[in-house]
Amino acid sequence: MNKRKICLVSATRAEWYLLSHLCKEIKKDKDLIVQILVTGTHLSQEFGLTYKEIEKEFKIDEKIPILLSNDDNLSLCKSMALVFEGFSKAFKSLKPDIVVILGDRYEMLAVASVCLLMQIPIAHLCGGELTLGAIDDSIRHSITKMAHLHFVSTKEYQDRVLQLGENKNSVFNIGSLGGFIVKNMDFLGKEELEKELDFKFDENIYLITYHPETLNLKQTKNNIQTLLCNLTKLKKASLIFTKANADENGLLINNFLADFCKKYPKKAKLFDNLGSKRYLSLMKISKAVIGNSSSGIIESPFLRVACINIGDRQKGRIRSENIIDTSIKDLQQAFQKLEDKKFQDNLKNFKNPFESRIKNPNKFIKTKLKNVKLDTILNKKFTDLLWISKN
């Protein structure tokens, strides 16, 4: 019997952090072949050439460069054209049985479109979510409509995928993939982190990732300047930054961060990529996660760490009570709430909405990918909401 070929696609450090454990599950199954395609920031010097981290554990089947020197909207469109060209050739050569796509980035929209035209089944991870301040929201739902298997992180997200007309037998609530990683992480201690990062921590550590709000790009410069101005006011603070992703205006943000860290070398340090172990270990000992990254919304509840979430990029996602939502102009009030005793006490007791009864979501996904019938999977039907409500 021919082994089923499962192809995982990743363009960013954040995707691979969530996909790596699934990749391990597939790799150790004797009846499956794992294929890995990397693109986007993994192949960029600017973002730390993170494909090298993947190659420490896995064979990469294809590296498909798509990033251009600029990150304006025209360049992103040209990058998507390169996705079409590169991935169509790769899929024709590798002949995967199923392609696994995670999330909502523009690269994945192009990958999904290639799969659609080449009639390759898609398994989509992390669908049904909302991020109303970014174009990712529309991308995510578009990928849902092209996908054939759906693995979501909460009951609410499951319901939303069903609302989009997907069959209830193909939509699975597996909980948070990031939460699984947190629960199984062998964390580094503070002294180990200082040594690995070559940085001496002050009393309060802040982990900061700020991405462009892609539906409010005109305010990017003002927002990052205001954020950095507020951060200089924090006392006894160590500011650990990770770079913004490859969205429009991401390079602008990263240039501001680089200049800021040069100005305050004992207070702040910028990293292309921390890797999951160092990143989560830092989160664990941080006073707060700051910015607008999904990791602040999804992973920080598992570590009972406060998160100051800025702006609308993550608007619409489910929240837990460790999140302090704020506009950029009200950032000082957010820092005041962070110091509030009632808020600090509540960090120990709030309910985490991303907890799941599935012990190992990656094994669950692998089993579904292994056993799903492929001969009829492409024949999707739209399931009307009225039908769902009656059943």
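This briefing takes a look at helix H8 and its surroundings. Keep in mind that the model is predicted. H8 covers residues 190-197, and its buried residues pack against strand E10 and helix H11.

**Inside and outside of H8**

- Let's start with the buried side: Leu 193, Glu 194 and Leu 197 are the buried residues here.
- Looking down the axis of H8, you'd find these buried residues within an arc of 100°, so they line one face of the helix.
- Flip to the face turned away from that buried side, and you meet Glu 191 and Lys 195, which are exposed.

**What H8 packs against**

- The buried residues of H8 have two partners: strand E10, at 268-271, and helix H11, at 275-285.
- On the H8 side of the contact with H11 you'll find Lys 190, Leu 193, Glu 196 and Leu 197, while H11 brings in Arg 278, Ser 281, Leu 282 and Ile 285.
- That contact is a mix of residues: four are nonpolar, three are charged and one is polar.
- Leu 193 and Leu 197 turn up in both pictures, as they are buried and also meet H11.

**How H8 and H11 cross**

- Two packed helices are described by the angle and the distance between their axes.
- For H8 and H11, the axes come within 10 Å and cross at roughly 130°.
- Angles over 115 and up to 145 degrees count as oblique, so H8 is oblique to H11.
- As for handedness, the crossing of these two helices is left-handed.

**Just past the end**

- Right after H8 comes Asp 198, with a positive phi of about 55°.

Conventions
Residues numbered from 1 in each chain as written. Predicted model: local features only at pLDDT ≥ 70, side-chain atom pairs only at ≥ 80, totals over all residues. Heavy atoms only, no water. Buried < 20%, exposed > 50% of the residue type's maximum accessible area, 1.4 Å probe, protein only. Helix = DSSP H or I, 4+ residues; strand = E, 2+ residues; numbered from the N terminus. Arc of directions from axis to C-beta. Contact = heavy atoms within 4.5 Å. Axes fitted to C-alpha atoms, helices over the stretch in contact; angles between N-to-C directions. Parallel < 35°, antiparallel > 145°, perpendicular 65-115°, else oblique. Left-handed = near helix turned anticlockwise from the far one by under 90°. Nonpolar A, V, L, I, M, F, W, Y, C, P; charged D, E, K, R; others polar.
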